[in-house]
Amino acid sequence: MPSTAGAARTQPRSSSRLRSILRNYRFPLFILTGVVIGAIIGLIFGERATVIKPFGTLFINMMFTLVVPLVFFSISSAVAGMSSATRLGKILGSMLGIFAITGIVSSIVMIAALWITNAAEGVQVEMTQPEDIEEVGSFGDQLVSTFVVDDFSKILSAEHMLALIVFAVIVGIATSSIGETGKPFAAFLSSGAEVFLKFTSIIMYYAPIGLGAYFAALIGELGAQLVGDYVRVFLVYYPVAIVYFVVAFTLYAFLAGGRRGISAFWSNIIEPTAISLGTSSSVAAIPANLRAGKRIGVPRDIRETIVPIGATIHMEGSSLSAILKIAFVFAVFQRDFFTPGNILIGIAVALLAGMVMAGIPSGGFIGELMIITLYGFPAAALPIIQIIGTVIDPPATTVNSVGDQASSMMVARALDGKDWMDRTDESEEIESDDTPAEAVAPENS
């Protein structure tokens with residue numbers, strides 16, 4: 001029979017551990033509470049909940065204002081601090097390989113889910129001919145405008161994120177290549193990165209209110225669209241996205257760092273998850289993702305290269321949605337998607353939509369047109385695809401954004417070996433406890 005003293009020791013220990021968990025996770029819990037309250041308000045009040053949207057827009061606008069200088073200073077300082085161009089090449093090569101693999105995996109997951117559930121069978125949707133088809137120019141023009149702009153002022157815009165990334169990489173390379181002369185500027189870039197990370201921490205104090213208000217408006221606006229056969233899209237995509245989010249990212253974290261990698265990943269991913277889900281923007285989640293990567297222990301040059309680039313061209317959630325869009329349109333026109341040829345084309349389209357097209361201006365629209373033209377569907381199918389995209393955008397963006405973090409961990413494992421989490425980065429220190437970002441994993445007991 002256990003002694004009274006033993007029970008007394010157990011109770012304080014359990015209470016102490018609970019306090020430790022609440023202390024370590026208090027800010028992510030505040031964010032989740034804000035999101036949950038916002039969702040409830042949206043469900044109860046519907047479109048009337050949009051009256052509080054300005055409080056959310058205030059937070060979103062601050063994040064988008066922050067993201068351009070943060071991405072520039074983060075990438076340029078990371079590249080400037082690399083020991084050699086070989087390191088940069090290895091990071092980019094590993095990144096593209098992992099992006100492609102995860103995109104293929106996510107596509108196969110959605111194909112398997114659709115095949116098992118037969119969710120798209122018997123779909124009937126009223127079709128209307130689109131009034132206007134957007135002019136996007138030639139593919140060559142779009143490709144050029146993806147990587148460069150014709151005026152420096154356009155670099156200072158989140159709408160030209162890939163051009164900004166290319167500019168920042170070249171600035172970092174130029175700084176590193178001139179040796180001693182470039183060290184003062186390299187120090188400026190590094191200082192700038194730290195300043196804007198701290199700026200992020202300050203803004204995040206408003207996140208629970210801002211995200212709650214934005215999420216209330218989002219749920220209120222989307223509620224009216226979840227009718228008719230589009231409910232099927234909701235009922236298929238959301239569970240598959242959730243399962244992929246939990247299972248695939250746990251697997252990727254395990255491959256990157258074993259059990260310790262899983263603990264570090266899930267201990268720090270709540271903040272970027274809440275921001276990407278509430279804003280439907282991978283770009284808006286970049287600051288939170290960078291801070292999460294720092295707390296996880298991803299080397300600075302890896303996370304500050306992969307997270308901003310991944311927010312633009314790594315779209316696992318978009319690969320999931322591309323397959324769903326294709327299968328849904330096939331069902332509308334009573335055609336069989338589950339043939340080897342159609343499936344292979346679908347995976348290729350999903351990869352293009354999730355990696356190549358995602359970084360091109362009007363790339364989402366080009367990807368939708370590509371689905372229609374490759375499979376020979378009429379233009380009336382375009383509104384169907386666009387509505388599907390609207391309905392599933394929040395979870396798709398969340399998978400996209402959090403997938404960047406999982407990928408950065410796997411790149412760290414590929415480049416720095418299995419002990420990458422034990423290596424210290426002399427160029428940085430862990431954030432102090434007075435910021436709202438200290439959602440670190442509790443120490444193992």
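The following dialogue examines how descriptive terms are applied to a predicted protein model.

Biologist: On what basis are the features of this model reported?

Modeller: The model is predicted: local features need pLDDT of at least 70, side-chain atom pairs count only at pLDDT 80 or more, and totals for chains, interfaces and linings use all residues. Residues are numbered from 1 along each chain as its sequence is written, and side-chain values use heavy atoms, with hydrogens and water left out.

Biologist: How many helices and strands does the protein have?

Modeller: It has 17 helices and 0 strands. Helices (H or I, at least four residues) and strands (E, at least two) are DSSP runs, numbered from the N terminus. Of the 445 residues, 53% are buried; buried means under 20% relative accessible area, exposed over 50%, and partly exposed in between (1.4 Å probe, protein chains only).

Biologist: What makes helix H8 roughly perpendicular to helix H12?

Modeller: The axes of H8 (residues 183–203) and H12 (residues 286–296) come within 10 Å and cross at roughly 105°. Axes are lines fitted to C-alpha atoms, for helices over the stretch in contact, and angles run from 0 to 180 degrees between N-to-C directions. Angles under 35 degrees count as roughly parallel, over 145 as roughly antiparallel, 65 to 115 as roughly perpendicular and the rest as oblique. The crossing angle therefore makes H8 roughly perpendicular to H12.

Biologist: Which residues make that contact?

Modeller: H8 contributes Glu-194, Leu-197, Thr-200 and Ser-201, while H12 contributes Pro-287, Ala-288, Leu-290, Arg-291 and Lys-294. Contact means heavy atoms within 4.5 Å. The residues comprise 4 nonpolar, 2 polar and 3 charged, where Ala, Val, Leu, Ile, Met, Phe, Trp, Tyr, Cys and Pro count as nonpolar, Asp, Glu, Lys and Arg as charged, and the others, Gly among them, as polar.

Biologist: Why is Leu-70 called buried, and which residues does it touch?

Modeller: Leu-70 lies in helix H3 (residues 53–80). Its relative accessibility is 0%, so Leu-70 counts as buried. Leaving aside residues up to four places away in sequence, Leu-70 touches Ala-193, Phe-196, Leu-197, Thr-200, Pro-287 and Leu-290. Leu-70 and Leu-197 are 127 residues apart in sequence, yet 7.2 Å apart in space, C-alpha to C-alpha.

Biologist: How many aromatic pairs does the whole structure hold, and what makes the pair of Phe-196 and Phe-199 tilted?

Modeller: A search of the whole structure finds 16 aromatic pairs. In the pair of Phe-196 and Phe-199, the rings are 6.2 Å apart, centre to centre, with 35° between the planes. Rings of Phe, Tyr and Trp (its six-membered ring) pair if their centres lie within 6.5 Å; planes under 30 degrees apart count as stacked, over 60 as edge-to-face and the rest as tilted. The pair is accordingly tilted. Both residues lie in H8, 3 residues apart, about one turn of the helix.

Biologist: Are Phe-196 and Phe-199 buried or exposed?

Modeller: Phe-196, at 18% relative accessibility, counts as buried, whereas Phe-199, at 37%, counts as partly exposed.

Biologist: What makes the pair of Phe-337 and Phe-338 edge-to-face?

Modeller: The ring centres of Phe-337 and Phe-338 are 5.3 Å apart and the planes stand at 70°, which places the pair in the edge-to-face class. Phe-337 counts as buried at 2% relative accessibility, while Phe-338 is partly exposed at 30%.

Biologist: How do you know that helix H11 is largely enclosed?

Modeller: In H11 (residues 270–279), 8 of the 10 residues are buried, so the helix is largely enclosed by the rest of the structure. Among the buried residues are Glu-271, Pro-272 and Thr-273. H11 is followed by Ser-280, whose phi is positive, near 55°.

Biologist: Why is Gln-334 called exposed?

Modeller: Its relative accessible area is 73%, and therefore Gln-334 is exposed. Gln-334 lies in the loop between helix H14 (316–332) and helix H15 (340–356), and has a positive phi of about 55° although it is not a glycine.

Biologist: Why is Arg-260 called partly exposed?

Modeller: Arg-260 has a relative accessible area of 45%, so it is partly exposed. Arg-260 lies in helix H10 (residues 230–268) and touches Met-421 and Asp-422, not counting residues up to four places away in sequence.
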